[in-house]
Amino acid sequence: MLVNSPLVRLIAQRVGLGILLLFAVSGLIFAGTQILPGDVAQSILGQAATPEAVANLRRELGLNDPAIVRYFQWLGGVITGDLGTALTTRQEITVTLMPRLWNTLFLAFWAAVVSIPLAIMLGLLAVRYRNGPIDKAISGFALASISLPEFFIGYLLILFLAVKLQWFPSISTVYDGIPFVEKLKAIVLPVIALVLSVLAHMMRMTRAAILNVMQSAYIETAELKGLSALDIIRKHAFPNAIAPIINVVMLNMAYLVVGVVVVEVIFVYPGMGQYLVDHVVKRDVPVVQAVGLIFAAVYIGLNIVADVAAILANPRLRHPK
Amino acid sequence: MSQELDYLSRRFAAGRLSRREFLGRATALGVSATFANSLLAGAAKAQTPKRGGILKAGIVGGAATDTLDPAKFIELMSYFGKCWGEFLVALTGDGGLENRLAEEIGSSKDAKVWTFKIRQDVEFHNGKTVTAEDVVATLERHSNKESQSGALGILAGIGSVKADGRDVVVTLKEPNAELPYLMADYHLVIQPNGGKDNPAEGISAGPYKVTVNEPGVRHGGERFANFWQSDKMGFADQVEIVAINDTTARVSALQGGQVHMINKVETKVVDLIQRVPNLKVEALSGPGHYCFNMFCDTAPFDNADLRMALKLAVDRQEMVDKILRGYGTVGNDFPINAAYPLFPEGIEQRAFDPDKAKFHYQKSGHSGPILLRASEVAFAGAVDAAQLFQQSAAKAGIAIEVKREPGDGYWSEVWNKQPFCAANWRGRATQGWMYSTTYLSTAPWNDTHFFNERFDKLLIQALGELDQDKRENLYREMAVIVRDEGGTIVPMFNQFIDAISDQLGGYVGRVDSLMNGYALTQCWLEA
C-alpha cells in the first residue's frame with residue numbers, strides 16, 4: 001500500500017532523476033577534465049622536469065589510451081566504490097580524500113549549526129518588527145556582510161581577532177589527533193566568515209516567504225482572535241512558508257560544502273576545495289573527477305532533500321484525495 | 001647601519017666572519033672599537049644554541065599531491081627534505097661546499113673520475129649504518145634513464161657509479177670539475193639502498209625523523225637521537241612545516257606567533273612587516289633571476305639585431321625599483337651574478353638606451369607589434385614588468401603587445417613553448433651547472449633555443465678545467481656570448497625574502513630562502 005502512495009512514487013522519482021543526473025554529470029566532468037590544457041606528466045614533475053622523465057611518466061600512467069576507454073574504466077570503478085589511484089602520489093584516492101571530505105563536512109556542519117537557526121530567527125524577528133528599525137538593522141547588517149567579498153571578511157577577521165587581539169589562531173590547520181576543543185577554536189574564524197556569507201540569503205528568504213504568507217486571510221483571523229504577533233508568525237505563518245525556506249537553506253548548505261575554497265585558502269584549512277585545486281594544478285585527473293563527482297552528489301543530494309521536504313511540508317501532497 | 005651591524009654580528013657568530021674582519025667592517029661603519037668589541041661579546045653570547053621546543057615554518061608551495069619520494073621533490077618538499085634527509089655535501093653560502101656524508105672528495109686530473117669517501121658510523125633513522133653502497137644506489141636511482149627524478153638532468157653525465165670499500169667512485173662521460181656541487185641538489189637525499197625498495201618511506205640520516213606527513217597541510221619531525229652531528233644541528237625537539245600558500249595568511253601566521261619563520265615575502269609588504277616590532281625581514285641576494293626569453297631560432301627573434309634592440313629597450317633600474325621595490329639588483333642579460341663562485345667581474349653593464357635600441361630595431365627590418373606573454377606565476381609582478389617593458393620599448397619605437405596568460409598551465413603550455421615569454425630561474429650552485437641546464441645546445445631546458453657552437457665548446461672546456469682562474473676566464477667569455485648573442489633578457493636578480501620572529505636564534509642568510517632550507521635544523525628558539 002505504501003508503495004502505491006503517490007508520495008513514495010514522487011520521492012522515488014526524484015531520487016531516480018538525481019541518479020540519472022549524476023551519470024550525466026560524470027560524463028561532463030570527464031569531458032571537462034580531458035580538455036584542460038596542459039599535460040599531467042609535465043605538471044607532476046614541475047618546471048624542473050626533463051623531457052625524458054616526462055615521457056617515462058606518461059607511458060607509465062597509461063595516458064596514451066583513448067579517452068572513451070579511460071571513461072568507462074573509471075565509471076566502472078566508481079560504481080564499485082573504487083575511486084582509483086591518484087596519478088601524482090600513487091595512493092588510493094579514498095585514503096587521501098576521506099580526511100579532507102571529513103574536514104569540509106566538519107566546517108560546513110558548524111557553519112550550518114550557527115547560521116541556519118540564526119538566519120531563521122533573524123528572519124522571524126525582521127517580520128515581527130517589519131519596516132521598523134530592528135528590521136532595517138538586521139537587513140542592513142546581513143546585506144552588508146553578503147556584499148563584502150569573503151576574502152575581505154576573512155582578512156578583517158584575521159586582522160582583528162587573530163593578529164590584534166590574538167583570541168584565535170589565524171591559520172586553521174587541523175589534523176588527526178588534535179584535541180576537540182583546539183579543533184573548534186581553530187575553526188572559529190572560518191566559521192564566522194562562512195556564516196556571514198550565507199546568513200543574508202537565508203534570512204532574506206525567510207523574511208520574504210513569511211511576509212508573503214502574512215497577507216493571507218487566515219493570518220488576519222488569527223490577529224482578530226487576539227494572538228500575539230510572535231505566536232502568529234511561529235504557529236501560523238512559518239509552517240506555511242517552510243518550503244521555500246528549506247530550499248534556500250539546502251542551497252546554502254550545498255554552498256558550504258562545495259564553494260568554500262577561498263575561505264579554505266585564506267585560513268589554510270585542509271578541506272576539499274584546496275585538495276581539488278592542488279590536483280587541478282597537477283592535472284591529477286582521477287582525483288579531480290572523484291572530487292567533482294562528490295561535489296555533484298552533495299549538490300544533487302541536498303536538492304533532492306529540499307524537494308522531498310517541500311513535498312512533505314505541503315499538506316495537499318501529503319494527504320492526496 | 002644597525003641592520004648592517006646586526007648582520008655582521010650574526011655572520012661572526014656563525015663563524016663566517018673572522019674577529020679581525022668583523023672589527024674592521026664594524027669600524028668602517030663608524031662604530032668605535034670598544035663598542036664593536038662589546039658587540040662581538042654580545043653576538044657570541046646571543047648565538048649559543050638553545051635546545052628544545054617546537055620550531056615551525058610557514059612555507060609556500062605545498063600541495064596535496066606532494067610525496068616523500070625525494071626524486072619528486074618540488075618547492076615545499078625540498079625544505080622538508082632538509083629536515084629529515086642527509087646529503088653528501090651542502091652549500092655554505094659563500095661559494096664553498098661543506099662535507100656532510102662525504103668525508104673527503106677527490107678527483108682524477110681530468111675531472112672525469114670522482115671519489116667520495118663516505119663518513120663512518122652514520123646511522124639511518126631505521127638503525128642501519130650508512131654505507132657507500134647506499135650512496136651508490138641513490139645515485140643510480142636518480143640517474144637511471146627510466147627515472148622520473150628531478151635530478152635526472154644533472155646526473156645524466158654519470159657513466160658509472162660503484163662502491164669501493166668506503167669510497168664511492170663516480171666515472172663521468174665528460175669531465176665535470178663542478179660535480180661535488182651537483183651533489184648538493186635537494187633531490188639527492190641519501191636513502192637506505194637508494195630508496196629503491198620504498199622511495200617514499202621518508203628514511204634518511206638527517207637530524208629529524210619524519211613523524212607527520214600530510215601533503216599540502218603539514219609535515220613534521222622529531223629529533224633523531226642518533227644523529228651524527230647533533231652538536232651543530234637539530235636543536236628543537238620537533239620541527240613542523242605548515243603549508244601556507246596565501247601570502248597574507250603566511251604573514252598573519254607569523255604575526256600571530258603560529259610559525260617562527262616564513263618564506264617568499266612579497267616585496268610590497270616588506271616595509272609593513274619591518275614595522276612590526278617582534279618580526280625581522282631577511283633579504284638575501286641569491287642566484288635567482290627574472291627574465292624574458294626569446295627563441296633564437298624563431299622569427300622574428302632569429303634576428304640578432306632585433307634581440308639586441310629588445311635588450312637595449314629594457315629599463316632595468318626602473319624594474320628593480322618598481323617590481324622588486326629595491327630588493328634586488330639589475331641583470332646584465334646573462335644568468336650569472338656575484339652570488340656565483342668565479343663570477344666574472346668587469347663585464348660592462350647594459351643600460352637602457354632607446355636610441356641604440358631604435359638603431360638595431362630599424363636595422364632588423366622588423367615591423368609590427370611583438371607579442372610578449374606573461375603571467376603572475378612566471379614571477380611575482382611579471383605582468384607589471386611586461387607592461388613596463390612595453391612602455392620603455394615604445395620610447396625606442398618598438399611596439400610590444402603584452403598578453404596575460406593564465407597561471408594554471410603556464411609552465412607546460414607557455415614557457416619553453418612560446419617564442420617570447422616571461423620566466424624565472426631560481427639559479428644553481430655553479431655557473432657550469434646553470435649554463436648546462438639552460439644554455440647548452442643539448443640542455444634539457446634550453447628555453448631560449450640557443451644553439452652556439454663556440455659557447456658549447458667553452459662550456460665543455462670549462463667543466464673539464466680544474467684550475468679556477470682558467471675556468472673563470474672561460475666563464476667570462478661565455479657570459480659575454482650569452483649577453484650579446486643569446487635570447488635571454490635578464491633585467492633583474494631578485495632577492496629571497498624571508499621573515500622571522502625575534503624568538504628565532506641562529507638565522508644566517510645563505511644561498512636561498514630559509515638558509516637554503518636548513519633554517520629549521522640550524523636555528524633554535526630563544527628562551
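Trainee: Which residue of β7(B) stands opposite B:Thr115?

Mentor: This is a predicted model, in which local features need pLDDT (the predictor's confidence in each residue, from 0 to 100) of at least 70, side-chain atom pairs count only at pLDDT 80 or more, and totals for chains, interfaces and linings use all residues. Residues are numbered from 1 along each chain as its sequence is written, while chains are lettered from A and ligands numbered from 1 in the order in which they are written. Strands β5 (residues 113–118) and β7 (residues 167–172) of chain B run antiparallel and are joined by five bridges; strands (E, at least two residues) and helices (H or I, at least four) are DSSP runs, numbered from the N terminus. Opposite B:Thr115 in β7(B) stands B:Val169.

Trainee: Which are the edge strands of the open sheet with the order β4-β5-β7-β6?

Mentor: The sheet has four strands with antiparallel pairing in chain B, and two strands pair if DSSP finds at least two bridges between them. An edge strand pairs on one side only. That applies to β4 (102–107) and β6 (158–164) of chain B.

Trainee: What angle does helix α5 of chain B make with β6(B)?

Mentor: Neighbouring strands of the sheet are turned by 15° against each other on average, direction ignored. Helix α5 (residues 132–143) of chain B packs on this sheet and touches β5, β6 and β7 of chain B, where contact puts C-beta atoms, placed from the backbone, within 7 Å. Axes are lines fitted to C-alpha atoms, for helices over the stretch in contact, and angles run from 0 to 180 degrees between N-to-C directions. The direction of α5(B) makes with that of β6(B) an angle of about 165°.

Trainee: Why is B:Arg218 counted as buried?

Mentor: B:Arg218 is found in strand β9 (residues 218–223) of chain B. Leaving aside neighbours within four places in sequence, its contacts include A:Thr173 and A:Tyr175 as well as B:Glu240 and B:Ile241. A residue is buried if 20 or more other C-beta atoms, placed from the backbone, lie within 10 Å of its own, exposed if 12 or fewer, and partly exposed in between. B:Arg218 counts as buried because its C-beta neighbours inside 10 Å number 23.

Trainee: How many residues of helix α8 of chain B are buried?

Mentor: Helix α8(B) covers residues 247–255 and is largely enclosed by the rest of the structure. Among its buried residues are B:Ala249, B:Arg250 and B:Leu254. Just after the helix, B:Gly257 takes a positive phi of about 80°. Of the nine residues of α8(B), the buried ones number seven.

Trainee: How many residues of the side of chain A that touches chain B are charged?

Mentor: The contact takes 40 residues from chain A and 34 residues from chain B. Elements giving two or more residues to the chain A side include α7 (150–164) and α13 (272–281). Ala, Val, Leu, Ile, Met, Phe, Trp, Tyr, Cys and Pro count as nonpolar, Asp, Glu, Lys and Arg as charged, and the others, Gly among them, as polar. The chain A side divides into 20 nonpolar residues, 15 polar, and, as charged, five.

Trainee: What ipTM does the predictor give the complex?

Mentor: Chain B averages a pLDDT of 90, and 91% of the residues score at least 70. For the complex, the predictor gives a pTM of 0.83 and an ipTM of 0.77.

Notes. Two residues are in contact if their C-beta atoms, placed from the backbone, lie within 7 Å.
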